[in-house]
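Trainee: Could you take me through one part of this model in detail, namely the enclosed spaces inside it, and then set that part in the context of how the chains are arranged?

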Protein chains: 2
Amino acid sequence: MSSESTAEIIEATGRALCEHGYADLTMQRIADESSVTSAAIHYHFDTKEELLNAFLDDLLDRFESRLACEARDPRDRLTDFLDAVFEESSSDHDDFPVALMELKAQAPYHDLFRERFVELDEVVRTVVETAVRDGIEAGYFDDADPEEVARLVATMINGAHVRSVALGERTGRTRETIEQSLTLHLGWTPGSEVAA
Amino acid sequence: MSSESTAEIIEATGRALCEHGYADLTMQRIADESSVTSAAIHYHFDTKEELLNAFLDDLLDRFESRLACEARDPRDRLTDFLDAVFEESSSDHDDFPVALMELKAQAPYHDLFRERFVELDEVVRTVVETAVRDGIEAGYFDDADPEEVARLVATMINGAHVRSVALGERTGRTRETIEQSLTLHLGWTPGSEVAA
């Protein structure tokens, strides 16, 4: 099977997941969303779990490439990171955050899902921790514990996800709260002007 | 139907939800967890949605009674609140946080669930906001925006819930992060000695 087909199957998985939810997701419904037959999907992915694992892996890859600019000012890196997280969560279909929350609720029963979510969390925390550490070293930020600041931001992002799904609150509201906390922890406000 | 039966049905709903998950929850399975017949359950609750709404309402009531000590030192109130939240999330069955997350993922499709979660969030934020405001007025805490501190704490609690389900992280880890943030915002650490 070509990588084009694999990419198509993974995209179709995302659409089918949003439309039908985890419980009602079947290989046939994924096939219906693509030009690939359900037999061909089965050929490549033995189980629904493997397919969803590939879907989460792809999500992680795309998030990482979105952030693949390491060399710049750590203040820009933190602002870009928040842009990436909060654009991602508002630009997709409304159903995407719901589908993702369903997969999170399945993590205790599927080791592969849990591994992917742990990996995603590590990426999030590493990006923030590194930017905070670099910013402190460069004298842009007040002294703080980079690991704890990263944990705070990661947990608030998790909270923003729940609040958007369960309460219908816009995720941008949580971004404001994160920014206020960063101001307090780092003496610097995300998005504030950085001299070129 | 007696209120004892109603209470029994609601308890059985919690057990059946933890055991079977939202998608596979049926009136019959709830009946199997209690001494009440599925016909009797139907007599009292027309739909699964109404029954789960009553279950969430009961959860909210129990959380509110656990916190029903308004008159004391605001520092004790904040510490007790964190105890209540984090005991609740660790003392129940392991499956309970998962079941609750499934219901949160259903909130976009069930107005009643959303209303209950919004109500629970309002209780959480009001308790924290009031304690922070009282503590600032009494001179125990540094000056801060009580509403924003409450929002920070509520969002972190939401994040702790996701992290325990999706990542398998113990919720106590997030409590430490909340306490560090409160120290920074309020100049006071939860659980630190309060002179009687």
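Mentor: The lining of the second largest cavity divides into five nonpolar residues, no polar ones and one charged residue, in a model that is predicted. The residues in question are L56(A), L59(A), L60(A), R116(A), F117(A) and L120(A), and the elements that contribute two or more of them are α4 (48-66) and α7 (111-137) of chain A. The space that they enclose amounts to about 50 Å³, and this cavity is one of three in the structure that reach 30 Å³ or more.

The largest cavity, by comparison, has a volume of about 520 Å³. Its lining comprises 24 residues, of which V85(B), L100(B), K104(B), L120(B) and I157(B) are the closest to the centre. By character, the lining of the largest cavity divides into 16 nonpolar, four polar and four charged residues. The elements that each supply at least two residues to this lining are α4 (48-66), α5 (74-91), α6 (95-106), α7 (111-137) and α8 (146-167) of chain B, together with α8 (146-167) of chain A. Among these elements, α8(B) gives the most to the lining of the largest cavity, with five residues.

Since chain A and chain B both take part in that lining, the relation between the two chains deserves a careful look. Chain B is superposed on chain A by a rotation of 180 degrees, with 0.0 Å of shift along the axis and an RMSD of 0.0 Å, and the two copies are thus related as by a two-fold rotation axis. The residue of chain B that comes closest to this axis is G159(B), whose C-alpha lies at 1.9 Å from it. Both copies use the same surface, in that 100% of the contact residues of chain B recur in chain A.

The packing of one pair of helices across the two chains completes the picture. Helix α9 (residues 171-186) of chain A packs against helix α9 (residues 171-186) of chain B at an angle of about 70 degrees, and their axes are 10 Å apart; α9(A) and α9(B) are therefore roughly perpendicular to each other. Their contact is made by S181(A), L184(A) and H185(A) on α9(A), and by S181(B), L184(B) and H185(B) on α9(B). In character, the residues of this contact divide into two nonpolar, four polar and no charged.

Technical notes
Residues numbered from 1 in each chain as written. Chains lettered and ligands numbered in written order. Predicted model: local features only at pLDDT ≥ 70, side-chain atom pairs only at ≥ 80, totals over all residues. Heavy atoms only, no water. 1 Å grid on protein atoms, 1.4 Å probe; cavity = no way out; pocket = protein on both sides within 12 Å on 5 of 7 lines; lining within 4 Å. Points joined across faces, edges and corners; volume = space filled by probe spheres on them. Helix = DSSP H or I, 4+ residues; strand = E, 2+ residues; numbered from the N terminus. Nonpolar A, V, L, I, M, F, W, Y, C, P; charged D, E, K, R; others polar. Least-squares fit on C-alpha atoms with pLDDT ≥ 70 in both. Contact = heavy atoms within 4.5 Å. Axes fitted to C-alpha atoms, helices over the stretch in contact; angles between N-to-C directions. Parallel < 35°, antiparallel > 145°, perpendicular 65-115°, else oblique.
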